[in-house]
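Please work through the following exercises with the sequence and the 3D view side by side. Each task is followed by a solution that goes step by step.

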Amino acid sequence: MNIYGAPAAELKDYTYSKGLEDSGWVWDAETLDPYIADAQKAMPDSKMLSDPMPDAKERADIIAYLSTLRAAAPTVTDDVN
Ligand code: HEM
């Protein structure tokens, strides 16, 4: 599953915290950043324990990496010549 661009709490075989279930979040840079920075601050009933990551550059690197794990880019098959 690609997390970047996916709605939060999407997996059917995992029981998420109620807060995350009801969040309506879609995972992108804006939602991932505070969640990675301090999960329990971003979502007080989070089951992901807080291991605060205060370094913005470190978070940006993780988010950039996650954003590369999306579904393959569409292939272009038409020749232009
Ligand atoms: C940089 C490292 C991490 C990132 C980027 C990250 C990211 C995320 C994201 C995006 C979700 C939401 C998943 C979804 O919506 O389906 C999540 C949930 C969760 N993560 Fe992490 N996570 C990290 C580290 C960890 C670690 C180290 C643990 C455990 C030791 C952990 C435990 C969990 C748990 C238990 C949930 C479910 C939260 C809930 O139901 O409230 N995560 N994580």
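**Exercise 1. Find which residues come nearest to the ligand, and describe how they meet it.**

Of the 16 residues around the ligand, those that come nearest are Ala9, Tyr16, Ser17, Trp27 and Met48, where a residue is near a molecule or strand if one of its heavy atoms lies within 4 Å of it. The model is a predicted one, in which local features need pLDDT of at least 70 and side-chain atom pairs count only at pLDDT 80 or more, while totals for chains, interfaces and linings use all residues. Residues are numbered from 1 along each chain as its sequence is written, and side-chain values use heavy atoms, with hydrogens and water left out.

Step 1: begin with the iron atom of the ligand, which has a single donor from the protein, Met48 (SD), 2.0 Å away. Donors here are N, O and S atoms within 2.8 Å of the metal (3.2 Å for Na, K and Ca), and water is not among the atoms, so sites may look incomplete. Methionine 48 is placed in the loop between helix 3 (39-42) and helix 4; helices (H or I, at least four residues) and strands (E, at least two) are DSSP runs, numbered from the N terminus.

Step 2: turn to the oxygen atoms of the ligand. One lies 2.8 Å from a polar backbone atom of alanine 9, an oxygen atom is 2.7 Å from an N or O atom in the side chain of tyrosine 16, and a polar side-chain atom of serine 17 lies 2.7 Å from a ligand oxygen.

Step 3: ask which element gives the largest share of the shell around the ligand. That element is helix 2, with three residues.

**Exercise 2. Describe the backbone and the burial of alanine 9.**

Step 1: alanine 9 is located in the segment before helix 1, and its phi is positive, about 60°, although it is not a glycine. Most residues other than glycine have a negative phi.

Step 2: with a relative accessibility of 12%, alanine 9 counts as buried, a term that means under 20% relative accessible area, with exposed over 50% and partly exposed in between (1.4 Å probe, protein chains only).

**Exercise 3. Determine which face of helix 4 is buried, and what that face packs against.**

Step 1: helix 4 (residues 56-68) has buried residues Arg59, Ile63 and Leu66. Seen down the axis of helix 4, these buried residues fall within an arc of 60°, so they line one face of the helix; the arc is that of the directions from the helix axis to the C-beta atoms.

Step 2: the face of helix 4 turned away from this buried side carries the exposed residues Lys57, Tyr65 and Thr68.

Step 3: the buried residues of helix 4 pack against helix 2 (29-37), contact being heavy atoms within 4.5 Å. Leucine 66, not counting residues up to four places away in sequence, touches Ile3, Tyr4 and Leu32.

**Exercise 4. Trace the polar partner of arginine 59.**

Step 1: arginine 59 is in helix 4 and is buried, with a relative accessible area of 10%.

Step 2: its side chain makes a polar contact with the side chain of aspartate 33 (2.6 Å). A polar contact is a pair of N or O atoms within 3.5 Å; within protein, one must be able to donate a hydrogen and the other to accept it, and residues adjacent in sequence count only if both atoms are side-chain atoms.
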